[in-house]
Amino acid sequence: MESIKDIKNRDDLRDNEIIGNPKLSNTTIAFTGKNNILVCEDNINIVNSSIRFHGNDSVVYLGYTKSNYALDLNVFQNCTVFIGKDNKLSPTLHINVQEHQNFIMGDDCIVGSNFNARTADAHIVYDMNTKKRINHSASVFIGDHVWLAHQVYVEMGARIGSGSIINNNSHVYKNSILKSNKLYSGNPATVVRDNVFFTKEYTGNFTEEETLNYDDYNSRIFMFDVVGGESLDTAKINELILNLDPEKKIEFMEKLFIRNKLHNRFSV
């Protein structure tokens, strides 16, 4: 097992790698396997966090944000985690990625406190008649500019389109497809309003004048559509990532998630 709490000690790692220079505060990064890579874009802060690689050949990529990363992150065998740029993150994000699956989140999202996501159940469930497993693991994809409010829970196989809003305490069931620019609420999360979008201004400090000034918004910048040749095929992405070694996973993510600036890439 390899473990560090100070980025200055990353050269002590022999079987795993950390790329970038994150600032670590009250944080442990631990590896119980080999050939895992943590990639951190410049100037990110990781605080009060536990990042644990429990197997081999996994990659975690953390994009730049002004927010602190506060993570309870467990990554198992041959898995990938990608969190894009400019996300507004409240503590703590609880993310469990296992059974060779992936957790992908785009850019410009808002994530409320005590967010939870899993790509697998903790144990296997079988059908009594067929004796076949019925709870297969599956990757989670969350688009750009998604608002995940406080205590949202996202199960395996969920796909959440860009521009979606998921209300407080909502539960996104396994294999759910949440369409872009819709407001979801409840357990299970269901549509309560169609054709909506949000902006990231914080209303808590608004003056009366500012409240009046934000009654209208004329831009279409936060509206998303499924566009052929632009919107990504997440099933294909999942299959491709699974068959790549860690270095190739990073190259793939840089091409498809970082350099790809198409507006509707994660539309559903």
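A salt bridge is taken as a side-chain nitrogen of Lys or Arg within 4 Å of a carboxyl oxygen of Asp or Glu. By this rule the structure holds eight salt bridges. The model is predicted: local features need pLDDT of at least 70, side-chain atom pairs count only at pLDDT 80 or more, and totals for chains, interfaces and linings use all residues. Residues are numbered from 1 along each chain as its sequence is written, and side-chain values use heavy atoms, with hydrogens and water left out.

Glu 41 and Lys 85 form one salt bridge, at 2.7 Å from N to O. The two lie 44 residues apart, Glu 41 in the loop between β5 and β6 (45–47) and Lys 85 in the loop between β10 (80–83) and β11 (88–89). Strands (E, at least two residues) and helices (H or I, at least four) are DSSP runs numbered from the N terminus. Accessibility is classed as buried under 20% relative accessible area, exposed over 50%, and partly exposed in between (1.4 Å probe, protein chains only). Glu 41 is buried at 12%, and Lys 85 is partly exposed at 28%.

Lys 182 and Asp 194 meet with their closest N and O atoms 2.7 Å apart. This pair joins strand β23 (residues 182–185) to strand β24 (residues 190–194) across twelve residues. Lys 182 is buried at 17%; Asp 194 is partly exposed at 38%. Asp 107, Asp 144 and Arg 265 are linked in a salt-bridge network.

Strand β5 (residues 37–40) directs Ile 37 and Val 39 one way and Leu 38 and Cys 40 the other, and all are buried. Strands count as paired if DSSP finds at least two bridges between them. β5 pairs in parallel with β2 (residues 17–19) over three bridges. Four bridges join β5 to β8 (residues 59–62), also in parallel. Val 39 stands opposite Ile 19, and its bridge partner in β8 is Tyr 61.

Cavities were sought on a 1 Å grid over the protein atoms alone, as sets of points where a 1.4 Å probe fits but cannot get out; lining residues have an atom within 4 Å of a point. Grid points are joined across faces, edges and corners, and volume is the space filled by probe spheres set on the points. Two cavities of 30 Å³ or more were found. The largest has a volume of about 50 Å³. Its lining includes Glu 41, Tyr 61, Lys 85 and Asp 107. The second largest holds about 40 Å³. Arg 265 is among its lining residues, and β16 (140–142) and β19 (159–160) each supply at least two.

How values were computed:
On a 1 Å grid over the protein atoms alone, a cavity is a set of points where a 1.4 Å probe fits but cannot get out, and a pocket is an open set with protein on both sides within 12 Å along at least five of seven lines; lining residues have an atom within 4 Å of a point.
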